[in-house]
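Visitor: I am new to this structure and would like a close look at one part of it. Could you take me through its salt bridges, one by one?

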Amino acid sequence: MVKYRELRKKFLEDNPKCAVYPNKEATDVHHTRGRAGRLFLSVRYWLPVSRAAHMRIGEEPAWARENGYICAKGEWGKQPEKEKSLMKKK
């Protein structure tokens, strides 16, 4: 969780606007492929969103998929290949 919090903080600093509602501040990280395994820390599948956008994505998955906020069917939970972390080793 420590690594996640560090990555999340940097991600939101680098991506301050909501990807769904650009006039809103990004406060949440949406995991577009899920959070299982390596997906949890895989920034490549993260989306910066406001709380309102995050709620809508969860409540309207068909809309979210149509707009690219959720991965295509069959991709959910699919693990990424190993990738270099954005965090520097300490």
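Guide: Here is a walk through the salt bridges, with a longer stop at the residues that form a network.

Please keep in mind that this is a predicted model, so every value here is computed from predicted atoms. A general idea helps to begin with: side chains of opposite charge can pair when their charged atoms come close. Counting a pair when a side-chain nitrogen of Lys or Arg is within 4 Å of a carboxyl oxygen of Asp or Glu, the total is 5 salt bridges.

Let us start with R51 and D28. Their closest N and O atoms are 2.4 Å apart, and the two residues form a salt bridge. R51 belongs to helix α2, which covers residues 51-59, while D28 belongs to strand β1, residues 28-31, so this pair ties together parts that are 23 residues apart in sequence. The two partners also sit in different surroundings: R51 has a relative accessible area of 45% and is partly exposed, whereas D28, at 10%, counts as buried.

Next comes the pair of R56 and E60, a salt bridge whose closest N and O atoms are 3.2 Å apart. R56 is partly exposed at 25% relative accessibility, and E60 is partly exposed too, at 34%.

Now for the network, in which salt bridges link R33, E75 and K78. Take E75 and K78 to begin with: they form a salt bridge, with 3.8 Å between their closest N and O atoms. That distance still counts, because the cut-off is 4 Å. E75 has a relative accessibility of 22% and is partly exposed; buried would mean under 20%. K78 is partly exposed as well, with a relative accessible area of 45%.

The remaining member of the network, R33, is found in the loop between β1 and β2, the latter being residues 46-49. With a relative accessible area of 14%, R33 is buried. The side chains of R33 and E75 are also joined by a polar contact of 2.8 Å. What else does R33 touch, leaving aside residues up to four places away in sequence? The list is L39, Y45, C71, E75, W76, G77 and K78. Both of its network partners, E75 and K78, are therefore among the residues in contact with R33, where contact means heavy atoms within 4.5 Å.

To look at this part yourself, find R33 in its loop, then follow the network to E75 and K78.

Key
Residues are numbered from 1 along each chain as its sequence is written. This is a predicted model: local features need pLDDT of at least 70, side-chain atom pairs count only at pLDDT 80 or more; totals for chains, interfaces and linings use all residues. Side-chain values use heavy atoms; hydrogens and water are left out. Helices (H or I, at least four residues) and strands (E, at least two) are DSSP runs, numbered from the N terminus. Buried means under 20% relative accessible area, exposed over 50%, partly exposed in between (1.4 Å probe, protein chains only). A polar contact is a pair of N or O atoms within 3.5 Å; within protein, one must be able to donate a hydrogen and the other to accept it, and residues adjacent in sequence count only if both atoms are side-chain atoms.
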